[in-house]
Amino acid sequence: MALESDKTSIKQIIQGMAGGETEVVQGIVKSVSPLKIQITNDDKLVITENITYVPKHLTNYTVEVDMPEDRIEITIRNALKVNETVYVLSFKHGKQYYVLDRVGG
C-alpha cells in the first residue's frame with residue numbers, strides 16, 4: 001500500500017515528465033463550433049480550435065464493427081458539449097493546448 005506522501009496527481013505526473021514547460025489546467029467549454037474553452041481562474045484566457053488539439057475519443061466518429069455475418073458502421077457521439085469542464089494540458093509556454101479529458105462522469 002502506498003503511503004499518503006507517495007501519491008501524486010495526474011497533473012504532477014505530467015508536469016514531471018514534461019518539465020516546467022507544461023501545465024494542466026481546468027477549463028469550461030463555451031462553444032463547440034468553433035471550439036472555445038475558457039480557462040478556469042483566468043477570465044481573459046479563452047483558447048480556440050486553432051491552437052487546441054482534441055483527441056479522437058472526445059469527438060463524434062465512426063468505427064467499423066465486425067459482426068458474425070456482417071460488418072457495420074457505428075457512430076460514437078462523444079464530442080465535447082457546452083458547459084462541460086475539461087482538463088487541458090498547456091504546452092509550448094501556453095502557445096498550444098491539448099484537451100486531456102472531461103472532468104467527472
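**Exercise 1. Work out whether strand β2 is largely enclosed or open in this predicted model.**

Solution.
- Start with the range: β2 covers residues 35–39.
- Next, apply the cut-off, where buried means under 20% relative accessible area.
- Four of the five residues in β2 come out buried, so the rest of the structure largely encloses this strand.

**Exercise 2. Find the strands that pair with β2, and say how each one is linked to it.**

Solution.
- Take β1 (residues 23–32): it pairs with β2 in the antiparallel sense, over five bridges.
- The link here is a hairpin, with two residues taking the chain from β1 to β2.
- Two of the bridge partners can be named: valine 29 goes with isoleucine 37 of β2, and glycine 27 goes with isoleucine 39 of β2.
- Now take β3 (residues 46–48), which is also antiparallel to β2, this time over three bridges.
- Isoleucine 37 turns up again, standing opposite isoleucine 47 in β3.
- β2 and β3 make a hairpin too, with six residues between them. Check asparagine 41 in that turn: its phi is positive, about 70°.

**Exercise 3. Put the strands of the open sheet in order and pick out the ones at the edges.**

Solution.
- Reading across, the six strands run β3-β2-β1-β7-β8-β4, and the pairing is mixed.
- The edges are β3 and β4 (52–53). Each has a single partner strand, so one side of each has no neighbour in the sheet.

**Exercise 4. Identify the largest nonpolar core and the strand that gives the largest share of it.**

Solution.
- The core has twelve residues, among them Val25, Val29, Leu58, Leu80, Tyr97 and Val99.
- Sort this core by strand: β1, β2, β7 (85–91) and β8 (96–102) each put in at least two residues.
- β2 has the largest share, with three residues.
- For a closer look, try core member Val86. Leaving out residues up to four places away in sequence, valine 86 touches Val25, Gln26, Gly27, Val29, Ile37, Leu80, Val99, Asp101, Arg102 and Val103.

**Exercise 5. Decide whether proline 55 is buried or exposed, then locate its contacts.**

Solution.
- Proline 55 sits in the loop between β4 and β5 (60–67).
- Its relative accessibility is 9%, so proline 55 counts as buried.
- With residues up to four places away in sequence left out, proline 55 touches Tyr98 and Val99.
- As a distance check, go to leucine 100, 45 residues from proline 55 along the chain: their C-alpha atoms are 7.6 Å apart.

Technical notes:
Residues are numbered from 1 along each chain as its sequence is written. This is a predicted model: local features need pLDDT of at least 70, side-chain atom pairs count only at pLDDT 80 or more; totals for chains, interfaces and linings use all residues. Side-chain values use heavy atoms; hydrogens and water are left out. Buried means under 20% relative accessible area, exposed over 50%, partly exposed in between (1.4 Å probe, protein chains only). Two strands pair if DSSP finds at least two bridges between them. A nonpolar core is a set of buried Ala, Val, Leu, Ile, Met, Phe, Trp, Tyr and Cys residues joined through side-chain atoms within 4.5 Å. Contact means heavy atoms within 4.5 Å.
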